[in-house]
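Here are my notes on the model you sent, set out as numbered points so that each can be checked against the structure on your screen.

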Amino acid sequence: MTLFIFFLLLIILVLAGTAAYAGWRAAPWAPTFKADTERFLKLANIKPGQKIYDLGCGDGRLVVAAGEAGAVAIGFEISLLPYSIAKWRILSSPFKKKCSIKFRDFWRADLSNADIVYFFLMPKIFTKIKNKLEKELKPGAKVIIYAWPMDGWTALATDCPIGKTPIYLYQI
Ligand SMILES: C[S@@+](CC[C@H](N)C(=O)[O-])C[C@H]1O[C@@H](n2cnc3c(N)ncnc32)[C@H](O)[C@@H]1O
């Protein structure tokens, strides 16, 4: 019994620790609303085989949606609970061959072959991520941002129905 409680506490500690670390690195876990996935897909206008990255993919819902739409979809996640849910989501998807989740810090990911990058992260990291995207992305790559615009970039399109969270589309 004592051993069971010890392992339970250990698991809780690891889950809470990785969640806190993710919150400090870029954002805590808060999923894109399910209904907004369709709006994301419309803006992304995915062509078959395009490579799409979700930086901080949470439970992997957008990774799977992008895979279903024909993309090769890759998510990065460092919080253990959403990562585990994302893994399970992908394994139970018929499109699992097109989707993958990496337990990795996206700040260390090379984005040079991405066609589309999506993120829903805190504005406090926008200056840093803007520098990374401008340095690494190829010309023509698209960046889709949920909730907050990127200062200094002009959006190609903004999807902002009344009462909904805005989604911004940019092109490098
Ligand atoms: C606001 S949530 C968005 C989740 C998902 N993209 C969505 O839209 O449903 C941000 C996610 O980024 C993850 N995260 C934060 N910093 C990260 C980092 N440096 N590398 C990978 N994931 C990170 C968090 O754990 C969290 O799940």
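The points below take up the helices, the core, the strands, the ligand shell and a few single residues in turn.

1. Status of the model. The structure is a predicted model, and its local features are reported where pLDDT is at least 70. Side-chain atom pairs were counted only at pLDDT 80 or more, whereas totals for chains, interfaces and linings use all residues.

2. The helix α1. How far apart are the end C-alpha atoms of α1, and does the helix agree with or depart from its expected span? The end C-alpha atoms are 34 Å apart, and since 24 residues at 1.5 Å a residue should span 34 Å, the two values agree. This helix, covering residues 2-25, is hardly covered by other parts of the structure, as the count of buried residues among its 24 is one.

3. The helix α3. The picture for α3 (residues 61-68) is one of enclosure: seven of its eight residues are buried, so the helix is largely enclosed by the rest of the structure. The buried residues are R61, L62, V63, V64, A65, A66 and G67, and a bench reader may wish to note that this list includes an arginine. The cover over these residues includes the helices α2 and α4 (80-91), together with the strands β1, β2, β3 (99-102) and β4 (116-119). Just after α3, G70 takes a positive phi of about 110°.

4. The nonpolar core. The largest nonpolar core has 41 residues, and those with the most contacts inside it are I52, V63, A66, I116, V117, Y118 and I144. The largest share of this core, five residues, comes from α3. In soluble globular proteins, nonpolar side chains tend to be buried together. Taking Y118 as one of the well-connected members, and leaving out residues up to four places away in sequence, one finds that Y118 touches F40, I52, D54, L62 and I144.

5. The strands β1 and β2. Strand β1 (residues 51-55) is mostly covered, with four of its five residues buried. Five bridges join β1 to strand β2 (residues 72-76), and the two strands run parallel. Within this pairing, D54 has G75 of β2 as its bridge partner, and D54 is also among the residues that Y118 touches.

6. The strands β5, β6 and β7. Strand β7 (residues 167-171) pairs with strand β5 (residues 142-146) in the antiparallel sense over five bridges, and β7 also pairs with β6 in the antiparallel sense, over three bridges. In the pairing of β5 with β7, the bridge partner of K142 is Q171, whereas in β6 D159 stands opposite I167 of β7.

7. The surroundings of D159. Is D159, in strand β6 (residues 157-159), buried or partly exposed? D159 counts as partly exposed because it has 18 C-beta neighbours inside 10 Å, where 20 or more would make a residue buried. Leaving aside neighbours within four places in sequence, D159 is in contact with R39, L43, P166 and I167. The C-alpha atoms of D159 and D105, which are 54 residues apart along the chain, are separated by 28 Å.

8. The shell around the ligand. The ligand is surrounded by 25 residues, of which the closest are A22, A26, G56, G58 and S79. The elements that give two or more residues to this shell are α1 and α3. By residue class, the shell divides into 16 nonpolar, four polar and five charged residues.

9. Two backbone angles to check. Most residues other than glycine have a negative phi. N45, however, has a positive phi of about 45° although it is not a glycine, and A147 likewise is not a glycine and has a positive phi of about 90°. N45 is found in the loop between α2 (34-44) and β1, and N45 is exposed because 12 other C-beta atoms lie within 10 Å. A147 lies in the loop between β5 and β6, and with 16 C-beta neighbours inside 10 Å, A147 counts as partly exposed.

10. The residue K135. K135 has its place in helix α5 (residues 126-136) and counts as exposed because it has 9 C-beta neighbours inside 10 Å. The C-alpha atoms of K135 and L111, which are 24 residues apart along the chain, are separated by 9.3 Å.

How values were computed
Residues are numbered from 1 along each chain as its sequence is written. A residue is near a molecule or strand if its C-beta atom, placed from the backbone, lies within 6 Å of it. Ala, Val, Leu, Ile, Met, Phe, Trp, Tyr, Cys and Pro count as nonpolar, Asp, Glu, Lys and Arg as charged, and the others, Gly among them, as polar. The expected span of a helix is 1.5 Å times one less than its number of residues. A nonpolar core is a set of buried Ala, Val, Leu, Ile, Met, Phe, Trp, Tyr and Cys residues joined through C-beta atoms within 7 Å. Two residues are in contact if their C-beta atoms, placed from the backbone, lie within 7 Å. Two strands pair if DSSP finds at least two bridges between them.
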